Amino acid sequence: MKAFLGIDTGSISTKGVVIDEDKNIIARSYLWTEGNPTVAARRVADELRSQLQEGGYGDAEVMAVGTTGSARRLVGAILGATVVKNEITAHAVGTTHLHPDVRTILEIGGQDSKIICIDGGIATDYAMNTLCAAGTGSFLSSQAHRLGVEVEEFGEIALTSKHPASIAARCTVFAESDLVHKIQVGYPREDIIAGLCKAVAVNYLNNVGKGKKIVSPVVFQGGVSKNVGVVKAFEDALGMKVLVDPDGHLMGAYGAALLAADSPVAQWKPFSFDIDDFDFRTREVVCQKCANHCEIVCVYRDDELIDAWGNRCEKGEIRIARKA
């Protein structure tokens with residue numbers, strides 16, 4: 001059977017899915033990137049292969065690969081991707097396939113957040129967070145550690161609160177200072193946690209969602225969407241239902257797989273899961289051919305140059321060709 005692979009490599013987590021010809025997910029993986037996207041991509045590929053074999057899809061032949069996320073170019077070069085797309089496109093494609101009537105996509109990941117406005121199945125506007133990670137998954141994890149609570153328990157604890165504490169989440173420094181103060185004056189733990197969940201939603205809407213018209217149906221995705229406390233906070237703030245798909249945390253990878261499946265057959269590159277047999281490395285070359293001094297990233301498989309990017313003119317391409 002024909003299948004298609006999608007990989008979403010982020011700064012915190014790496015996600016992967018394999019879909020069949022009917023675009024159903026037949027294998028899924030979610031692992032921590034741990035600062036090494038190439039190793040994370042290999043681990044995800046290994047886990048997907050094991051799931052295919054255990055699930056009775058051992059005969060599945062991956063015909064094309066799509067990659068997205070912050071390390072999409074690097075991972076795409078390693079996997080021989082047919083399609084390399086940005087996160088906005090991948091998330092929009094994946095979400096609109098499962099939810100054709102979606103109008104607004106809210107996404108909060110480990111270190112970034114984004115909003116995508118959809119009209120007629122097409123992304124018409126979007127925004128992403130700035131350098132500050134306030135209100136993201138890493139923010140919640142650090143606060144959970146401070147409170148001695150597993151972040152996976154945050155949501156259920158938040159729902160038990162009757163009087164959520166008011167916590168400023170416009171900045172991680174202010175939020176942590178506010179959190180410490182609330183602990184010191186004896187606020188109940190559930191009220192502090194509920195306050196953090198509310199602060200995440202308010203911070204998102206006041207920053208990422210600022211100036212955007214949020215229209216129902218609304219789909220919330222990313223790792224933070226699994227926190228029911230944050231989901232409730234969004235529903236309270238927006239005054240509307242917020243849908244969380246079971247595979248919402250994999251939507252970027254799913255979109256990448258869909259894009260690979262829909263790419264021209266002539267561009268398909270059958271994928272082998274045996275990527276551990278190769279040694280991949282990257283090297284940065286500073287081009288001296290013009291005043292731009294472009295920093296060009298070169299990716300090698302064993303000692304063969306397989307991809308490079310970063311040049312802003314043809315002179316950089318010539319230099320890379322000679323280095324190969």
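**Pockets, a sheet and two cores**

Modeller: In the second largest pocket, 14 residues form the lining, and Pro164, Lys198, Lys232, Ala233 and Asp236 lie nearest its centre. Keep in mind that this is a predicted model.

Colleague: What makes Pro164 a lining residue of the second largest pocket?

Modeller: A lining residue has an atom within 4 Å of a pocket point. Pro164 is among the 14 residues that line this pocket, so it meets that cut-off. The pocket has a volume of about 240 Å³, and α7 (189–207) and α8 (228–238) each supply at least two residues of its lining.

Colleague: How are the residues of that lining divided by class?

Modeller: There are nine nonpolar, two polar and three charged residues. Lys198, Lys232 and Asp236 are in the lining, and they count as charged because Lys and Asp belong to that class.

Colleague: What is the volume of the largest pocket, and how many residues line it?

Modeller: Its volume is about 740 Å³. The lining has 34 residues, and Tyr30, Gly109, Gly110, Gly223 and Val224 lie nearest the centre. Of the elements, α4 gives the most, with four residues.

Colleague: Why does Gly109 count as polar in that lining?

Modeller: The class scheme puts Gly among the polar residues, so Gly109 is counted there. The lining as a whole has seven nonpolar, 18 polar and nine charged residues.

Colleague: Let us turn to the sheet. Why is β8 called an edge strand?

Modeller: The five strands run in the order β8-β7-β6-β9-β10 in an open sheet with mixed pairing. β8 (122–128) and β10 (242–243) are the edge strands because each pairs on one side only.

Colleague: How do you know that β7 and β8 pair?

Modeller: Pairing takes at least two bridges. Strand β7 (residues 113–119) and β8 have six, in the antiparallel sense, so they pair. Ile115 stands opposite Ala127 in β8.

Colleague: What makes Phe220 a member of the largest nonpolar core?

Modeller: Members are buried residues of certain kinds, Phe included, joined through side-chain atoms within 4.5 Å. Phe220 is one of the 36 residues in this core and is among those that touch the most other members, so it is buried, with under 20% relative accessible area. α7 gives the most to this core, with nine residues. Leaving aside neighbours within four places in sequence, the contacts of Phe220 include Leu106, Val230 and Phe234.

Colleague: How many residues does the other core have?

Modeller: That core, apart from the largest one, has 27 residues, among them Val18, Leu52, Ala71 and Leu79.

Conventions. Residues are numbered from 1 along each chain as its sequence is written. This is a predicted model: local features need pLDDT of at least 70, side-chain atom pairs count only at pLDDT 80 or more; totals for chains, interfaces and linings use all residues. Side-chain values use heavy atoms; hydrogens and water are left out. On a 1 Å grid over the protein atoms alone, a cavity is a set of points where a 1.4 Å probe fits but cannot get out, and a pocket is an open set with protein on both sides within 12 Å along at least five of seven lines; lining residues have an atom within 4 Å of a point. Grid points are joined across faces, edges and corners, and a volume is the space filled by probe spheres set on the points. Buried means under 20% relative accessible area, exposed over 50%, partly exposed in between (1.4 Å probe, protein chains only). Contact means heavy atoms within 4.5 Å.
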